[in-house]
Every structure is written in C-alpha cells, then in structure tokens.
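Colleague: Before we discuss this model, I should like to see how its terms are justified.
Modeller: Please look at the structure first.

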Amino acid sequence: MILFQLHGFLCIFKFCSHNPFRLIGVGLSVWTFAIAGCGCSFDFWSIAICRMLVGVGEASFISLAAPFIDDNAPVEQKTAWLATFYMCIPAGTALGYVYGGLVGGLFNWRVAFWVEAILMLPFPILGFVMKPLHLKGFSPMESKLIPTSNEPRDGEMLAGDQGLKGGSKSPSTLMDHITRFSKDMQELLRDQVYVINVLGYISYNFVIGAYSYWGPKAGYSIYHMNNADLLFGGITIVCGICGTLAGGLILDKMTSTISNAFKLLSGATFLGAIFCLIAFCFKSLSGFIVLFSIGELLIFATQAPVNYVSLHCVKPNLRALSMAISTVSIHIFGDVPSSPLVGILQDHIHDWRKTALCLTSIFFLAAIIWFIGIFLRSVDLFNEDDDDQSTTREQRRPLLEDTSYEA
C-alpha cells in the first residue's frame with residue numbers, strides 16, 4: 001500500500017508540475033538515491049524501503065517517457081520506437097542474471113547497486129537542465145498569460161481571475177488536484193478497452209515476475225544446469241530484445257490500431273504459452289532451451305502493443321496517468337504477489353516441473369482477456385484534444401520558447 005500511495009502522489013503531482021522533464025528529474029533523483037541506498041542497506045527493512053522508493057522514479061519516468069516517444073515517433077513507426085524503449089526492461093533484468101553468473105562470485109552484491117547509481121546519475125541531472133518540451137495533452141505550465149486583443153490590459157482583471165494580482169498565478173488548492181485526479185481515475189476505470197488491456201497485462205506480468213524470480217532455481221532443479229543464472233540471462237537478453245523489437249515492427253506492418261494490437265497480444269501470448277508449456281515437459285535440456293527460447297520470443301512481442309493500447313485508448317491529457325496506473329497495477333497485482341504465491345505452491349507440490357507448468361498456464365488467461373479486447377469498440381483518441389487544453393493553449397505560451405508557440 002505504501003508503494004501505491006507513492007505512485008498515486010506522483011500521478012497527482014504530474015498535474016501541478018511545471019515541466020514534465022523536471023518531474024522525470026525529480027523521480028530519477030529519488031530512483032538513483034534509492035538504488036545507492038540498496039547498496040548500503042543493513043537489514044531487510046532498509047532494503048525494502050529503498051526498493052519501494054525505486055518505484056517512485058519508475059512511475060515518473062515510464063509515465064512521461066512513453067507519451068514523449070508517442071508524440072515524436074513517425075506515425076508508421078510508433079510501436080517500433082516504443083519497442084526499442086521497452087526492450088530495455090527484459091535486457092536489464094537479464095543482465096542481472098549474467099552479472100550474478102559471471103562476476104557475482106568475484107564482487108560483492110552491493111557493487112552492482114553502486115555502479116548502477118553512478119551510471120544513472122547524469123540522467124536526473126539532464127531532466128533538470130533540459131529545455132522544457134511540450135507534451136500533447138499537457139498544459140504548457142511553465143508559461144505566463146499572454147494578453148491578446150480580447151484580453152484586458154494595464155491592471156484590468158479577467159472575470160474569474162480575481163486571484164491574479166501583481167502578476168501572480170491563480171491559486172490552485174490540493175483539493176482541486178485531488179478532484180481532478182478522482183475524475184480522471186473514474187474516466188479510466190469506465191474505459192472498457194483500457195481495463196481489459198490492464199487486466200491482461202496483470203495476468204501476463206504475474207507469470208513474467210515469477211519467471212524472473214524462480215526461473216534459475218526451477219531450471220537448476222529440473223535440468224541440473226551448471227550455471228542457471230547465466231543460461232536464463234543469456235536466453236532472456238537475446239529473446240527479450242529480438243521479441244520486443246519484432247512485436248513493434250509487426251504491429252507497424254499490420255497498421256497500428258488498437259484492434260490489431262489486441263490481435264497481436266492474444267495471438268503471441270497464446271502461442272508463446274504453448275511453446276513454454278511444451279518446453280517444461282521436455283526431459284532433455286537442449287529441447288527445453290530451443291522451445292523455451294521460441295516461447296520467450298513470442299511472449300516478449302507483447303511489450304510494445306500493450307503499451308500502445310494504453311497510450312491510444314485514452315485522451316492525450318490522460319496518457320501519463322494511464323501509464324502510471326498500468327505500471328502500478330501490474331506490480332501490485334502481478335509480479336509482487338506472484339513470487340511468494342509460486343513459492344507457496346512449490347512448498348505444497350514439491351515438484352518444480354509441475355509448478356512451472358501451473359504458472360505458465362496463466363499465460364492462457366492473459367491471451368483470453370486480450371482476445372476479448374478485439375471485439376470491444378475501440379477508438380484511437382490520440383488526436384482528440386481536451387477542451388481545457390485547447391483553451392489553455394490559446395491563452396498561454398512558454399517562457400523559454402519563441403514568441404510563436406504551436407501546440
């Protein structure tokens with residue numbers, strides 16, 4: 001619940017932030033500090049708190065980076081660009097396995113966190129110093145009121161702007177932001193396409209989270225691998241990068257629509273689940289590696305399409321919140337509970353092959369949920385302007401931009 005509250009705070013904060021990239025800077029600063037804190041942790045609770053703080057940076061970054069890519073990518077390559085961004089997730093996770101398998105015995109585990117924090121340090125700095133950029137659906141908050149021929153001048157006051165005295169901005173209370181957040185949340189939860197997409201993503205991430213935690217242990221127990229970390233890491237790096245990029249490219253070739261995205265999500269997940277199930281039924285290690293690699297290629301093809309749906313099924317001003325709630329949901333209901341639940345199941349079954357088969361079968365649930373999305377009435381709202389945004393754009397322009405501002 002603490003993690004959820006932190007994410008919720010960021011969701012509200014994005015409405016009152018002056019610059020989207022400054023919010024990324026704030027989030028990544030907390031993320032970098034938390035990663036360094038993990039390396040300095042001295043007991044379970046200290047590292048648990050630091051790991052929760054890592055979620056703050058993830059929320060701010062993912063929530064704004066994806067809309068930024070969506071705004072700037074060519075129309076015919078939107079999902080390919082998103083795929084390039086999201087392939088870093090499986091690649092980074094797999095590198096952790098490789099680190100543990102290759103040099104984990106030579107260096108203390110704390111070194112990995114410290115090196116990661118040092119390498120990440122330039123990015124939060126960039127978020128603070130970077131010139132403000134406008135995101136579609138965001139009010140140009142770092143702006144000032146620009147008088148027009150229809151606006152009063154020389155000390156006159158606009159109706160409804162009695163709070164603007166001496167050039168100060170209209171006051172905005174915390175309750176206003178909470179009310180706006182509540183209305184936006186209601187709009188998201190009423191969106192059947194968005195809800196179905198996130199439910200499928202939760203089921204999918206339930207399996208992926210448990211794979212990432214228990215995969216090497218299961219592999220060692222079933223196939224007696226000499227170095228399960230290195231093997232699983234290598235497979236995930238190759239299949240994660242290739243599969244994620246392939247999913248984005250295929251959706252672009254199909255024509256990027258919400259309906260086509262659901263078709264790719266359900267089809268790839270269903271076929272990937274079949275290959276992974278058959279892989280765990282094989283008794284030979286070589287057969288397992290071949291079939292599991294094919295399954296992972298198909299499974300990771302979902303990364304770009306699932307996030308494309310979350311970005312395009314909502315109005316532009318809701319994209320950041322859409323991505324934030326999706327990220328929160330897949331962690332709270334997906335990968336966080338999956339690892340302990342799978343551990344409990346294994347304690348009762350005492351057979352990693354059966355446990356892996358039970359876990360993998362949940363991919364079919366994700367495929368069914370996304371299959372339902374194909375038949376929902378879906379409208380791409382990327383080009384739909386919010387009324388409040390249109391009004392704001394007419395009245396305001398950024399301080400750091402040229403005198404001619406285009407939304």
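Modeller: The questions below concern aromatic pairs, burial, a helix span and an annotation.

Modeller: This is a predicted model, in which local features need pLDDT of at least 70, side-chain atom pairs count only at pLDDT 80 or more, and totals for chains, interfaces and linings use all residues. Residues are numbered from 1 along each chain as its sequence is written, and side-chain values use heavy atoms, with hydrogens and water left out.

Colleague: Why is the aromatic pair of Tyr204 and Trp370 called tilted?
Modeller: Rings of Phe, Tyr and Trp (its six-membered ring) pair if their centres lie within 6.5 Å; planes under 30 degrees apart count as stacked, over 60 as edge-to-face and the rest as tilted. Here the centres are 6.0 Å apart and the planes make 45°, so the pair is tilted. Tyr204 belongs to helix 9 (residues 192–223) and Trp370 to helix 16 (residues 362–373), 166 residues apart; helices are DSSP runs of H or I, at least four residues. Tyr204 and Trp370 are both buried (under 20% relative accessible area, 1.4 Å probe, protein chains only).

Colleague: How do you know that the span of helix 12 agrees with the expected one?
Modeller: The expected span is 1.5 Å times one less than the number of residues. The 16 residues of helix 12 (residues 285–300) should therefore span 22 Å, and the end C-alpha atoms are 22 Å apart, which agrees. Buried residues of helix 12 include Phe288 and Phe292, and the aromatic cluster that holds Tyr204 and Trp370 also includes Phe288 and Phe292.

Colleague: What does the UniProt annotation "transmembrane region" cover?
Modeller: In the unreviewed entry, the annotated ranges include residues 21–38 and 356–376. Residues 21–38 are 100% helix, and residues 356–376 are 81% helix.

Technical notes
Helices (H or I, at least four residues) and strands (E, at least two) are DSSP runs, numbered from the N terminus. Buried means under 20% relative accessible area, exposed over 50%, partly exposed in between (1.4 Å probe, protein chains only). UniProt positions are given in the numbering used here, feature names are shortened, and annotations may be inferred rather than shown by experiment.
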